[in-house]
Amino acid sequence: MLVTTTLLGITLLAKGFRPLVPAVLLALFFPLMLAITSVTSLGGGALPFMFAFGLLGRRIARSGTAPVRGSDEDESRHAVRTHVRPGA
């Protein structure tokens with residue numbers, strides 16, 4: 001998990017992902033975990049990982065672009081897309 005999370009952060013940075021803070025936290029996960037666990041317990045090492053996904057979740061919640069599954073609006077959009085006849 002340490003290497004995978006760090007590689008995910010590096011990939012997000014290379015692709016220009018925004019917001020920048022979660023990508024940086026994920027890229028620095030391995031070094032931050034070593035630094036944090038040298039001072040605190042092992043559980044504190046997961047904090048950068050949790051903060052990164054918390055920031056991403058907050059961004060998704062505030063943007064309003066991710067519809068909740070099962071909502072009426074999501075179903076009506078799906079119905080419109082699947083039942084429109086070409087040329088009608």
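Contact means heavy atoms within 4.5 Å. Helices are DSSP runs of H or I with at least four residues, numbered from the N terminus. The model is predicted: local features need pLDDT of at least 70, side-chain atom pairs count only at pLDDT 80 or more, and totals for chains, interfaces and linings use all residues. Residues are numbered from 1 along each chain as its sequence is written, and side-chain values use heavy atoms, with hydrogens and water left out.

The pLDDT is the predictor's confidence in each residue, from 0 to 100. Its mean over the chain is 82. A value of 70 or more is reached by 73% of the residues. Among the elements, helix α2 (residues 20-27) has the highest mean, 95. Helix α5 (residues 72-83) has the lowest, 52. Where pLDDT is low, the predicted coordinates should not be read in detail.

Helix α4 covers residues 47-63. Its 17 residues should span 24 Å (1.5 Å times one less than the number of residues). The end C-alpha atoms of α4 are 24 Å apart, which agrees. Pro48, Ala52 and Leu56 are the buried residues of α4 (under 20% relative accessible area, 1.4 Å probe, protein chains only). Seen down the axis of α4, these residues fall within an arc of 70°, taken from the directions from the axis to the C-beta atoms, so they line one face of the helix. They pack against α2 and α3 (29-39). The face turned away carries Phe51, Ala61 and Arg62, which are exposed (over 50%). Gly64 follows α4, with a positive phi near 75°.

Thr5 lies in helix α1 (residues 2-14). Thr5 is buried, at 6% relative accessible area. Beyond its neighbours within four places in sequence, Thr5 contacts Leu26, Phe29 and Phe49.

Methods
Helix = DSSP H or I, 4+ residues; strand = E, 2+ residues; numbered from the N terminus.
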